[in-house]
Every structure is written in structure tokens, then in C-alpha cells.
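Q: I have a structure open here and have not looked at it before. Can you walk me through it?

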Amino acid sequence: MQFELKSKFKPTGDQPEAIKKLTANLKSGVKDQILLGVTGSGKTFTMANVIQKIQKPTLIISPNKTLAAQLYQEFKEFFPNNAVHYFVSYYDYYQPEAYIPQSDTYIEKDSKINEEIDRLRHSAVQDVLARKDVIVVASVSCIYNIGSPENYQNVSLDLKTGQKLKRKDFILHLTTLQYKRNDIDFKPGSFRVRGDLIEIYLVTGEKILRVEFLGEKINKISDTNPGLKPSYKTIDKKYTLFPATFWVAPQDKLNIAIENIKLELQDRLKELKKQNKLLEIERLEQKTNYDLEMLQEVGFCHGIENYSRQLEFRKAGTAPFSLVDYFNYFNPNGSLMFIDESHISVSQIRAMSIQDKVRKGTLIDFGFRLPSAIDNRPLKFEEFKERQKQTIYVSATPADYEKNKAGKNIVEQIIRPTGLLEPKIEIRKTENQIQDLIEEIKKQIAKKERTLVVTLTKRLAEEISDYLVDRGIKTQYLHSEIKTMERPKILKEFREGKYDVLVGINLLREGIDLPEVSLIAILDADKEGFLRNKTTLIQTMGRAARHQNGKAILYADKTTFSMQEAINEINRRRKIQEDYNKKNKITPATIISDIREWGFSKKEDIVEEFFAVHDRKLLEKEMKIAAKNLDFERAAEIRDLIDKLGTNKKPA
């Protein structure tokens, strides 16, 4: 289980010295340091080299899902024989539970879970538990509560050929692990029973496990990859089956937790009665008792995370368990943490628990949740700092917090091996800025080069995108409302030339690798604030630093302090690179970067294809039953699935 870096490149420019210093600091026990690397200097390659030299499990925290996806792909290529994982929030859409007292408006939690991301999260956690050569690229959501690592490990089930185990007891174990029995719609997180043979589609989506029984013992264990032609291979050694959800507890502990929830409910009802809050009493009693019934019957309920303190037997106010805890729990000898684009990631981590506390407090005050729900939350910033082991903050523009933590341990990586310079900068008046922008875009299209347009709001991004499309320019907008799995696809199509222009706000700022982009147009550059401060402007203009013709146009009617500071820093870095190029006789050349396939969606197709092809008759049967029961929506879903997979004969 050793990290093995694979790359056709060797460290050059500032990279060898940066790798040497970072590694030496880690080996000498330095806890905090900074890798100050400009865009295009190969920070990811430097990080990969450090991981190989240190040989420790590594958590890489990124400020958003899009950048995390890009880093995940890059590290998968650097370490093809090791466990590299993607861990981000699994919601395509998320409306948290909330209450607005001013208008007496209760907003029920509403979300759409991306099942593929959920599988990836489980795959990541299971490898953190089982392997030492693991890299997890995560968004800042990794500081949210995901349940106790001790429970996750303890409820897992060890299986071995010859093991005495009744078939009915095994099925009971599977339901305790939150696997759902489904003999028709066989998909990850489910199992099906066929006589003495039980098949489990692992929640990670990677394997299908088959357990065969003979009498009251396991006769054979085998597994296969999902696909059209399953080929089961016998497993002779012990196999550990992990839970299908993070919110699990052993049955004996679950019963105790339920009793503790009942006690808390009674205490809370007494408090509300003293305050004469009759409506709140009714709300809380009804909701909690319903959840308790679900926990008793199936070991799970909607919003189970709100009872996490009781299920994990934590004291009031104590920190929840996050992915960071899993790294520490299963790696007592230490792990390594990188915080990428730290100038923004650290701020996000600092703010998350504060926002969550305000929302939960209101729900508790008005009888929608028990007081213990307040401890289902992300880590507080102080708690996160306590859990940090050796950390490298990575940014082209580190903030004061990181600088103070690192002290003298700041490692600069200013030189680009390609010789590319920071972009040239122009400031233009805002009058007729859109028409001027269109003329610039047309010049870019003639050269087969791409353009990024950066706005202040989502609405403006969409309106400008539509306006450009109406004028025959291939344009797409990109912002936070675009689904997680769609964002890398859009970026890939942009690089391939399906779009000439991408319009956005924050997602086009930190770290995005788009070497075809030679023009950055920043609208309203003089609107001083978070989206137009020195750091943001440097980061945004840096997107054009991967092209030899890189240029940034700032549309503004005045030069703000932030604009001037950003321009000065860009020019300083440009001078350092020019001197290096002159000394080493380097001619700047545009970065050539492979356009990577984004393979997650393909896995979804395989999942559907497997159970659709092998259970076609069962699917058709279920469709007819659904139609007979007037469940036409379900019937249509099954019909569309069969049609989608290109079957020769369409069901009636």
C-alpha cells in the first residue's frame, strides 16, 4: 500500500525546491506551512510529489465541487494504482429545514440526493478505513456530521466461507446495515433473494456480492463487476460488508438511544409547558413520536441526522464526527491535509457552523426539533483546528490567517515551467461594454481561442449568455445552480469547442484548468467588494495565464485600490517570469493539457443496464402492476428506462 506517482513529467522550475522544502518541513514536524503557487506553476504536481515522499493518507479540501472534481481527476492520473476518491455534498438540490417566525412559515427540508455521489462518499470512507494509500479530494462539506466512525466500523459484518449463519439472520443483518430488499429494481444499496442465494449490490456501486447458503452456513462467497456479462469470482478470504448509510447504530445501542430521545422529549415538553407554548408542544410531540416509531421499526427515519447526538452517545455541545475524524480515527500515526485555494476555503470552514446554529436555534425555539438537534452540525472552526494534523495551505493569494499560522514556512512557486507570463491587463470604460466585448469575442473565435466573462450575479450571467447566443456566439453560463455532475461536463465541452464563451461568477475563479482560454473579461471591475477585491481579481485574471496570448480586460470607470493592488502583483510576478525566461532562454508556450473524460455518468448507465438487461421480464411485470394500480408515473419511469437502454422490443 505505497503511493506510486506516475507522470511523464519531472519537477522543474520552482517545483524541485518547493517539493524539497515542503517535504523537509513535514519530516521535521512542522504543522502548518504554505505553498504559494501561481496559476500554471504546477501546484498539483508538487502536491503529488510531496504525497509520494511522505507516504501518508491524505485529505485535500477544496472550496467547491467543480474544483474538487478537477483535482480528483488529476490525482487519479498521478496515482492510478492507489485509492483516490471524490467526497462532496451529495445533494443536487438542497433546501434545509427552516422556520421564519415573522411570517409563521415552516419550510420542510427538501432535497434531491445524487445517488452516484452518495456511492462515491461511501467508497471514500471505506478506503479510509481499509487502506493507507488513500487520497480523498473533498469539498468543504467534509466538516459536516456523517456519523460515528466507531459505529460505522462496529456494525459492519464479516463474512467467510463455512461460517455458521442462518439465511434469515443474514437477511436481518442486511436490513440492519440499511440495505433495502428489492427483487425487481436491483441497484446499489439493495439486495435480492433467490432461494438460498442472496445478491447484494454494494452501496459503492463497484461490486455485486453473491452469498450462497447450504443449510445453516455460508457455502460460497463471490463477487462480480456490474455489467452486461457478470463473471462471478470466488472470494476465499474474509469479506467485510459495510453499512449502506452512515447513520447506523448497533441494535442494542439503538434501543438505548431511543429511550434517551424519549427522555429528552419529556424534559423539553415540560419546559415548553412552563412557557405556555401549547402549539410548540403539539408540533414537537407529533414529529418526534413519528420519528421514534420509524427508528423502532426500521432503524432509520427521515432526518435521522438530527438525533445523531443521541445515536452516538455524545454529550451536549460536543463536536460531531466528520470525514476529518475518520482520517484521524483510522490513521493514529497521522495523515496529511492540503487546503487548496486556502484564502477562500478557510473562510468557508469558519462560517459554516455559525450559519447552521442560527437556523437550528429557531427550529428548536418553535417546537420543530429537540434541543439535541443543535449538535447535528458542521465542525466549529476551533474544533476543525483541533483536528488538523500537518497541513499545507495552497494558494496563489494566501490570506493573513494562513500567513500567521505558517510564519516563516512559506514556500513560493512563482516560476511556470512553460515560461508563460501573467496576462496583459487593459482597463476599458463601461460605456457600450457589451458591444465592445462582442468584438473582442469575435477576434478570439477567429483565432480559435476561448473567452471567460465574469459577472457579479447569476441572473446577469444568464442574461449575457442568452444575449450572446442570440447573436450567434456559442455561449454557456456556469454557476452554483448547475448540477454537480453537469459542471465538469460543461467545462469539458467548453475546452472541446462546443462553446466559445463561458459566463459565470465564482466558479470561474480559483484553480480551474482551461488552457484554451486567452481572454478574461471582468464586468463591473470597479465595484469594490468581495467579488472585486485584490485576491479575487488576481485569481480571476489568472485563468488566462495558461495561454501565451493571455489577456484580461477590466471594464471599469475608475481604478479602485483593489484593482491597482492586483495589477501591481500581477506585474511583479510577470517580471519574475520574464527574468527566468531570459536567463534560461525559454520561449513561452501555451500549456497543452489533456481533455479528460468525466466518467461518473457512465457508471450510472452501467447500473441501469445491468438490472434492466438481466431482469427485463421482472421490469415489464412491475410496469404492468404499477399501471394496474394506477401508479402511472412509476409505470412511465420503467417504460422510459427500457426504451432508453435500446431494447429491440418495446413493452406495450
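Q: Let me start with a detail. Which residue is the bridge partner of Asp340 in β18?
A: The partner is Val394. Bear in mind that this is a predicted model.

Q: Which strand pairs with β18 over those residues, and in what sense?
A: Strand β17, residues 336-340, pairs with β18 in the parallel sense, over 5 bridges.

Q: What about strand β1, how does it pair with β18?
A: Strand β1 covers residues 32-37 and is joined to β18 by 5 bridges, again in the parallel sense. One of the facing pairs is Asp32 in β1 and Thr391 in β18.

Q: Is β18 itself mostly covered or open?
A: Mostly covered: β18 spans residues 390-395, and 6 of its 6 residues are buried.

Q: Which of its residues point which way?
A: Gln390, Ile392 and Val394 point to one side of β18, while Thr391, Tyr393 and Ser395 point to the other. The residues of both groups are buried.

Q: What is the strand order of the sheet that holds β18?
A: The order is β3-β8-β2-β17-β18-β1-β19. This is an open sheet of 7 strands with parallel pairing.

Q: Which strands are at the edges?
A: Strands β3 (83-87) and β19 (410-413) are the edge strands, and each of them pairs on one side only.

Q: How much are neighbouring strands turned against each other?
A: By 15° on average, with direction ignored.

Q: How many bridges are there between β2 and β8?
A: There are 5 bridges, and the two strands pair in the parallel sense. Strand β2 is residues 58-62 and strand β8 is residues 134-139. Leu59 stands opposite Val136 of β8.

Q: What else is Leu59 in contact with, leaving aside neighbours within four places in sequence?
A: Besides Val136, Leu59 is in contact with Ala138, Leu323, Val324, Phe327, Leu336, Met337 and Phe338.

Q: Which residues have the most contacts inside the largest nonpolar core?
A: They are Leu59, Phe87, Val136, Leu323, Tyr326 and Phe384, in a core of 39 residues. Helix α10, residues 323-330, gives the most to this core, with 5 residues.

Q: Which residues are included in the second core?
A: Phe45, Val50, Ala68 and Tyr86 are among the 35 residues of that second, separate core. As background, nonpolar side chains in soluble globular proteins tend to be buried together.

Q: Changing topic. What is the strand order in the sheet of 6 strands?
A: The order is β10-β11-β12-β13-β14-β15, in an open sheet with mixed pairing. The edge strands are β10 (180-181) and β15 (233-234), each paired on one side only.

Q: How many bridges join β10 to β11?
A: There are 2 bridges between β10 and strand β11, residues 190-194, and the two strands run parallel. Lys180 stands opposite Ser190 in β11.

Q: Which helix packs on that sheet?
A: Helix α6, residues 167-176, packs there and touches β11, β12 (197-201) and β13 (208-214). The direction of α6 makes about 15° with that of β12.

Q: A single residue now: is Gln444 buried or exposed?
A: Gln444 is in helix α14, residues 433-446. Gln444 counts as buried because its relative accessibility is 4%, and buried means under 20%.

Q: What is Gln444 in contact with, leaving aside neighbours within four places in sequence?
A: Gln444 is in contact with Glu449, Arg450, Thr451, Ser518 and Leu519.

Q: And where is Arg639?
A: In helix α21, residues 632-644. Arg639 is partly exposed, with a relative accessible area of 38%.

Q: How many residues apart are Arg639 and Asn182 in sequence?
A: They are 457 residues apart in sequence, and 18 Å apart in space from C-alpha to C-alpha.

Q: Now the whole chain. How many helices and strands are there?
A: The protein chain has 21 helices and 25 strands. Of its 652 residues, 56% are buried.

Q: What does the radius of gyration agree with?
A: It agrees with a compact globule, because one of 652 residues would have a radius near 26 Å and the protein chain has 27 Å. The C-alpha trace spans about 80 × 65 × 60 Å along its principal axes.

Notes: Residues are numbered from 1 along each chain as its sequence is written. This is a predicted model: local features need pLDDT of at least 70, side-chain atom pairs count only at pLDDT 80 or more; totals for chains, interfaces and linings use all residues. Side-chain values use heavy atoms; hydrogens and water are left out. Two strands pair if DSSP finds at least two bridges between them. Helices (H or I, at least four residues) and strands (E, at least two) are DSSP runs, numbered from the N terminus. Contact means heavy atoms within 4.5 Å. Axes are lines fitted to C-alpha atoms, for helices over the stretch in contact, and angles run from 0 to 180 degrees between N-to-C directions. Buried means under 20% relative accessible area, exposed over 50%, partly exposed in between (1.4 Å probe, protein chains only). The radius of gyration is taken over C-alpha atoms; the globule rule is 2.2 Å times the number of residues to the power 0.38. A nonpolar core is a set of buried Ala, Val, Leu, Ile, Met, Phe, Trp, Tyr and Cys residues joined through side-chain atoms within 4.5 Å.
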